[in-house]
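Colleague: Could you take me through one part of this model at close range, residue by residue, and then set it beside a few other features of the chain?

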Amino acid sequence: MTDAAGLTRGYSKALGVVTGDVNDDGYPEIYLACDLTPNLLYINQRNGTFKEEAVSRNCALSDTGQALSGMGVDMGDVDGDLRPDLWVTNYWGENNNLYRNLGGGLFSDVAVASGLGGPNRRQVSFGTGLRDLNNDGWLDVFITNGHALRHPEEATPGAGRAQTDQLFLNRGNGQFQDVSAQAGPWFATPHVGRGAAFGDIDNDGDLGILLVPNEGPAALLINQNGRLGHWLEFRLQGRRSNRDGIGARIDVTANHRTLRSEVRSAYSYCSANDLRAHFGLAGATRASKVEVHWPSGHVDTFADVEANHIYVIAEGHGIRASSSATRLAPFFEGEPE
């Protein structure tokens with residue numbers, strides 16, 4: 001049904017895809033990061049069809065009007081206004097793009113102004129994620145880098161095939177700080193980066209990163225920052241909605257601030273990620289309210305949720321903490337008691 005849904009209208013060389021509700025109407029959109037062709041944003045028409053509108057919504061091109069070499073992609077609220085922003089990684093000599101959501105699904109590229117543009121002009125950036133990696137309640141940026149050419153120095157003097165990865169911390173004021181030099185030994189050694197998958201590998205409340213480079217063995221980066229802030233994680237079980245709760249929106253209110261995320265697996269580059277929704281809470285020891293908006297339209301609301309736990313929420317059937325014995329069990333754990 002791809003053609004009938006309107007998803008073949010628009011030429012592209014797409015390398016990355018992410019879905020999410022960019023205009024807050026309860027229906028997910030599809031965003032494609034494209035290589036040397038304009039990025040594509042398919043707006044859900046709420047009738048089983050989509051309309052491509054990236055140019056008119058200002059998330060197709062760079063801030064100078066160029067089609068760049070999009071590869072990695074993610075979507076998330078980086079500035080705390082409860083609207084999902086778009087993030088795209090690009091090629092050597094190009095800025096990466098951070099398209100800030102201005103409301104109603106209109107965007108403005110603020111990568112350079114936020115400190116995320118220039119530092120990547122001498123990198124070829126692939127796998128990436130907007131994830132809260134220090135549990136302070138703000139989404140950070142990780143990028144794995146590596147050239148696409150076997151001998152890039154022949155075409156671009158000074159370019160290496162193996163490149164170092166990068167970590168940028170969100171300072172909560174519209175600015176990101178490059179902390180790669182302090183992030184651990186991995187960031188000091190160049191690699192030919194490609195895939196990057198994110199998830200709480202050891203179930204301790206902070207997010208690890210599984211890296212699959214183009215050359216060499218896979219690497220698992222274990223996060224040591226979880227103790228810097230409190231956290232919550234949620235595994236959803238859809239009943240009327242899809243089983244994994246993909247597309248559900250979760251709002252967490254703690255210390256008079258609301259954080260928002262959507263359940264998704266596809267983002268980054270050629271990677272499937274942890275389906276559990278993760279929230280860093282900084283100093284808050286509990287959430288005053290957790291609200292789940294399911295794809296079916298059903299809404300579950302819970303009050304006074306204690307932090308530092310992984311919870312299972314079954315659509316319309318309540319919430320329960322996942323014990324250490326079941327944290328690694330299959331996602332769909334049967335009917336709740």
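Modeller: If neighbours within four places in sequence are left aside, His147 is in contact with Tyr91, Trp92, Val124, Pro152, Ala159, Gly160, Arg161, Gln163, Val192 and Arg194, and I should say at once that this is a predicted model. His147 sits in the loop between β10 (140-145) and α2 (152-155), and one of its contacts is Pro152. Because its relative accessibility is 0%, His147 counts as buried. A polar atom of the His147 side chain also lies 3.1 Å from the backbone nitrogen of Leu149.

Turning to the cysteines, the count of disulfides comes to 0. For Cys34 the closest cysteine sulfur is in Cys59, and since the two sulfurs are 11 Å apart, they are too far from each other for a bond. Cys34 counts as buried, because its relative accessibility is 0%. Cys270 is likewise in no disulfide, the nearest cysteine sulfur being that of Cys34, 14 Å away; Cys270 is exposed, with a relative accessible area of 68%.

Finally, there is an open sheet of 4 strands, which run in the order β19-β16-β22-β23 with mixed pairing. Its edge strands, each of which pairs on one side only, are β19 (277-282) and β23 (318-321), and from one strand to the next the twist averages 25°. Strand β22 (residues 309-314) pairs with β23 in the antiparallel sense over 4 bridges, and Tyr311 stands opposite Ala321 in β23.

Note on methods
Residues numbered from 1 in each chain as written. Predicted model: local features only at pLDDT ≥ 70, side-chain atom pairs only at ≥ 80, totals over all residues. Heavy atoms only, no water. Pairing = 2+ DSSP bridges. Helix = DSSP H or I, 4+ residues; strand = E, 2+ residues; numbered from the N terminus. Axes fitted to C-alpha atoms, helices over the stretch in contact; angles between N-to-C directions. Buried < 20%, exposed > 50% of the residue type's maximum accessible area, 1.4 Å probe, protein only. Polar contact = N/O pair within 3.5 Å; in protein donor to acceptor, adjacent residues only side chain to side chain. Contact = heavy atoms within 4.5 Å. Disulfide = S-S within 2.5 Å.
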